[in-house]
Structures are given as structure tokens and as C-alpha cells.
There are 2 protein chains.
Amino acid sequence: MTNKATTIADVAARAGVSVPTVSRVLTGAARVSQGKRERVENAIQELNFRPSAAARVLASRKSQVIAIIAGDTSRYGYAETIRGVEVAARAEGYTVMITVVESTDEEELDRAISATLTQAIAGVVVLKFDPPGVAVLHRLPEDVPAVALSGIREVGVPQAVLDETRAAEELTSFLLDLGHVTVHHVRVPPSRREDGRTTGWRRALRKADAPIPTVHDATWEPRSGLEVGRELALDPSVTAVFCGNDEIAMGVMRGLVESGLRIPDDVSVVGFDNHPLAEMWSPPLTTVEQDFAGMGRRGFHLLLDVMNGSDGKHYSSERPRLIVRSSADKPNPLRQTSGGTDRRPLSEGA
Amino acid sequence: MTNKATTIADVAARAGVSVPTVSRVLTGAARVSQGKRERVENAIQELNFRPSAAARVLASRKSQVIAIIAGDTSRYGYAETIRGVEVAARAEGYTVMITVVESTDEEELDRAISATLTQAIAGVVVLKFDPPGVAVLHRLPEDVPAVALSGIREVGVPQAVLDETRAAEELTSFLLDLGHVTVHHVRVPPSRREDGRTTGWRRALRKADAPIPTVHDATWEPRSGLEVGRELALDPSVTAVFCGNDEIAMGVMRGLVESGLRIPDDVSVVGFDNHPLAEMWSPPLTTVEQDFAGMGRRGFHLLLDVMNGSDGKHYSSERPRLIVRSSADKPNPLRQTSGGTDRRPLSEGA
DNA sequence: CTGAAAGCGCTAACAG
DNA sequence: CTGTTAGCGCTTTCAG
């Protein structure tokens, strides 16, 4: 069902050598004389032989597959990270297996971990982007090679991170420097009490001695941003908004625009991630570029180190890059007064 | 490395039963007396035992993992489809493995197929969205259970499709009915000579006896749509544009808007897919909803049938749904004259 | 219902 | 360099 019925023994017979010899040419573990090697290779070709990974794993106790455990596979940051891991893994001859964990139920966590560890896995990459990811990481047996990928550092676990905190701080300061009295924040569901994006935002406000507004919560759906945008439109003190990601920012902008506000004339909005559509948006979105795929690649290489038992720091951090486009500008001096009274026209960006 | 050192034998010893008995409770393949079953279950708990999938596969020749072979994992339609397959697979106790094939090089194809079939796989789902997907499907050995997922039907292969052709035809007719003389088309990279989206567009034009403009090609990058949009802006005969997907439509719209055109006042633009951001766009995008995740789910269930050897049609089709928003409207009677003086048209009738 | 015996397809020591 | 001999951890007959 899974392979032809051909086995290494058939190959050996056909090539006129012993079984271990075939194994040796397959694995390259030991030298084989030119002649036999060729006969074996021919036999493999002719029989269209494919070794059974299962048998191999069983005998050698080594696997060439890694698992990615994630709370989602399809949203932008997740999908890009997974792609990065996959590309790096493929380049090193590893195959990837995916396990999704959607909640933090004990049952669900155990199911995910069992499903993963039951397979012969060389190591696991966990996307610590959300509560399920965090929970999985903490329940993983100590002895399985693992690395975490996330936006915030955590002690004691090998990991590749994208330093959101500093990036968020920089982005918020950018808005403050433009002259805004403060910056409002719409966050996406955090992975723990507070994510780096929120922390960085708060830190920048503190440093600037700016008032710290209440945080608005959005879900992962762009539409939830729309609702928050409508709410924000009602508050004339809102002149700058930092959204947890670009998709939410787009929803927020739509809510604002539908309420008759212009961007960036009346309100400045910035996102986070540099989603591929951010530059197509009207107006093009000021944001922070996050190299998710790069983090995925770095994560896989870290995992490779961990699997090889090489000790070292097992930590890799990178600083997202501010991308200034046109959705943020100086505050509108008229907004404060006029903002309270008028709200109806339906304008649409540039 | 991969599992605890605990084996089924340890469990048997601890429970005071034979090895096969443990196996029986594990697989549920045969009845075991209440008492022994409980002792075995306790032992499993206490030892935190996890069976080795590799050994299991070797002995039983049955696997609980399926492979998804795809040309990409991260773009919208791909990611959603993969998510659908994964969800359905997980619900039935299957784990998924992913193999990416980026080109149609023989080497690359063989690498992908070997990487996949070497693993103990119960079946494979191939995303036939692009040339690598098509190529893989045709090189897959006959005896491995496989289903294809795509937008266009193909004989002889079990598959789940989203009927793009009819949807594209409907969408194009919608534009024609609005009063447009013809509809221009920007296509995304096709999986073969022509995709259903293009065929449906052409068919609608033929039926309406409308001129058939030259097709414009875009890549998968939204930015390439931007360039096409700029070109289209130079041709005053362009009043309606049907783009191969929403992301390209967004790029095209941006190119048009940057060239001073208004949407839908000067040009109507429609996309395809109903990307989550399509409704956030300004103006909200008229498009066609494609249930990629649903196709993924249907595909997995088809695969399940194929794996069980149940014969039947092994084919599942669904019709995407037209979503009318506001990026398309009646043609602007002024556009033709005012535009005519500017520049020469770029497109030619067919 | 249950245990004994025999492999699944491969790699890992050994001798030579 | 190469063949022989043992398993890897599980499921599968097959007796009872």
C-alpha cells in the first residue's frame, strides 16, 4: 500500500550482493567498491525501489522528519513562518509534519503532543504565537529536541524571535514624534498576558510621558478591526492608532473611513507585519516589516543545532524594520474641534 | 531520541500480560477481558507510554498519515485548502505531512515524490493549482491512493473541485449586464494552458458576442497587478477588469487609482476568491467566494473513500458564489471620450 | 479470550 | 570492503 512490495532484499538479490551492502550504498554509511555500488544503483533504478522510512527509523532510531506544532496554519504570520521552516528543512533533507492545536484544553494538548511524538520525529518547532502554542511548549517532554518561534524572548528554551517589543516601541515613538499627543492601540489576541507589541507601545508612551489610553481588543478577523474603527471614530481625541497587525489595521481604517474620517488627514493608522497587501492599500500602510519566513529558517537551523547536541546559545533574534508609507502623518489641528461634530461622508483614502 | 525507551513489552510486564494483549488494547483489534484491559491502560498511563508509529507501520502495513503535495503553502488559496485538509484529517485521526514542489524539473519532482512515498503514507492529496502540482499528479505511481484538488475537472483522477469556469462566466456576465462593452482580464499564472477562470471569462464574452481583449498576465505578487493596472489606465477602452484573484485585483486597483482613475466611477474591477480583506478594501471588492477550506475537507473525505477502496464517483464539485460589493458599477459614459484623447490603447480586439 | 512464535524492512555490530 | 547475525517495537497468525 505504501511502497512497492520491493525491498532491499530484492535489490540485493538482483545486484548479486548482500543486504547490508545495499544498505551501505543507500545510507552512504560505509564505502562500497565501485563495481558493487554500480550494480546496486542499477538494481535500485530498475526495480524503482524506495526504502521504507518506517523500517529505517526502527532500525536506526534516526528520523528525517520534523514536526511543526502551531495554533493555525493559514493566517499570514503563521503561514509565512511555516513556509520558512519548510524551505530550510527541505534544503537539509527533512520532511515536515504539521500538528495543529486549537485550544488549551488538556485533552487537545495531549492529543496534539501524542500525535506528534508517536511519529518518529527528529525534532519539533513550535509556533509560540498564541496560548495553545505556549501551552504545548511547556508540556513537551524535556528530551525531545525543540525550538520555539515567537515575538518575545523566554528563558530556557531554544528559540528564534522577531523582536516585536523594540519594533513596537520604535513605531509608537515614530507616531509621537510626528506630534501626536498619544497613540491608541488595538491589539490582536495575545499569546500570554501581554505581547511584545503592546509592551513596546506602552514603553514608548511611558518614555514620552504620554497618556496611556485603554487598549482595544480585536480578534484575528479583519472585520473585528472594522468595529473597533467605528468605536474609535466616535472619540475625537483619537489621532493616531497602532494596530496589532496589518489586517486589523485595514479593518480599523475601513471603520474610520466609513465614519467619515480621512486617513491620514484626520487619523493616522499604522499596522504591524508588512503584509503583502499593505503597500497596495489606500493609503499605503506605514508598518513594521517582520521577516516571518526568515524566523522560520533561523528556527530550523537552531533546531538542527539542538538535534546535533551542539551546545551554544540556541537563540536568534532579529529586529523588525520600520516601513514608512503614508497612512500616518502629523496630527490634524482641526480634528479635535471639528471631529466631535461631523461624521458622515464616505471618503476613500487616496 | 524519538520516544521514551518504554516499549510495549514494558507495559506488558507491568500489567502482567503478554505483549500481544497490550497490542490488542492499543489497536482495539480484538476483545480483551475487562480486567486485563484496565491493567494495561493503567500501565500505559503510569509509564507514559506512546507506541512507535514506525514499528506499527512496519508490522501492520497501515499508516495514519497522509501527505499533501503542493506548490506553495502560504498563499491564500493554498493555505486555506491545506487548512481544510488538515482539519478533516485530524478529525479522523490522521496526521498530515507536507511536501512542497516548486518547479517541474524532473529532479525536483522525483525528490518530492520520493520524499513523500518513502514515508509510510496512507494517501496523498495533491493541490493541482499550478504546473508543479499537475506534473506531480501525473507522475505519482498508480497504486498510491490520491486525490487532486483544483479549480477545473480532469478525467480519471479522484478529485474535489471548485467550479471556477462557471463562476468566472457568471462574474463576467455580471459585468456585461451592467452595460460594459467588454471585460478585460488579468490572469494569475495558470496551472496549464488555460485555467477555468480564463475559460469562463472567454465563454461569457463569446456568448454575449463581445470583443475578446488580449489577456494580461500577472504573477502571484500583488505588486505585479499594480503594473498591469498602470498599463490598463492608459487604455481608455478599458471600463471593466476581471482579475484572476483578489490580491491581483487590489494591485490593479492601486495602479488604476495612482493613474488618476476612480473605481468604480471610471473603471470597474472585480476579483476572485473573496479574500478576507476584500470586504475591507476601498471600495469593497466585488468578487466570487471560493470555499477553499471546504474543498480541502471534501478532498480528504474523497481520499478516505479511495483508501477504503470504496468505488463510486470520487468526484465532488461546488459552485463558487458571486459576491456583489461596490467595486463594479455601470460604465461611465464620459470615460470613453475623455480618455480617447490621452493616449493610444494598449489592448487589441480578438 | 490469551500467549507463543514469526516476522515487517532495514541498519548495526561484528568477523573476516 | 563485505557477508553473517541480531535485533529495532510492533502486529499477526496460530494454537489453545
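A salt bridge here is a side-chain nitrogen of Lys or Arg within 4 Å of a carboxyl oxygen of Asp or Glu. With that in hand, let's look at how chain A and chain B meet in this predicted model.

Between chain A and chain B there are 4 salt bridges. One of them joins the side chains of Arg223(A) and Glu279(B), with an N to O distance of 2.7 Å. Because the cut-off is 4 Å, this pair qualifies at 2.7 Å. Polar contacts link 14 residue pairs across the two chains, both partners being at pLDDT 80 or more.

Several elements of chain A each supply at least two residues to the side that touches chain B: helices H4 (53-60), H5 (76-91), H6 (106-118), H10 (222-233) and H11 (246-258), along with strand E2 (95-100). Among these, H6(A) gives the largest share, 7 residues. Sorted by character, the chain A side holds 29 nonpolar, 12 polar and 15 charged residues.

Here are the overall figures for the contact between the chains:

| Item | Value |
|---|---|
| Chain A residues in contact with chain B | 56 residues |
| Chain B residues in contact with chain A | 56 residues |
| Area buried between chain A and chain B | about 5300 Å² |
| Part of that buried area on carbon and sulfur atoms | 57% |

The strands also meet across the two chains. E2(A) pairs with E2(B), residues 95-100 of chain B, in the antiparallel sense over 3 bridges. Within this pairing, Ile98(A) has Val96(B) as its bridge partner.

Key: Residues numbered from 1 in each chain as written. Chains lettered and ligands numbered in written order. Predicted model: local features only at pLDDT ≥ 70, side-chain atom pairs only at ≥ 80, totals over all residues. Heavy atoms only, no water. Contact = heavy atoms within 4.5 Å. Buried area = accessible area lost by both parts, 1.4 Å probe. Polar contact = N/O pair within 3.5 Å; in protein donor to acceptor, adjacent residues only side chain to side chain. Helix = DSSP H or I, 4+ residues; strand = E, 2+ residues; numbered from the N terminus. Nonpolar A, V, L, I, M, F, W, Y, C, P; charged D, E, K, R; others polar. Pairing = 2+ DSSP bridges.
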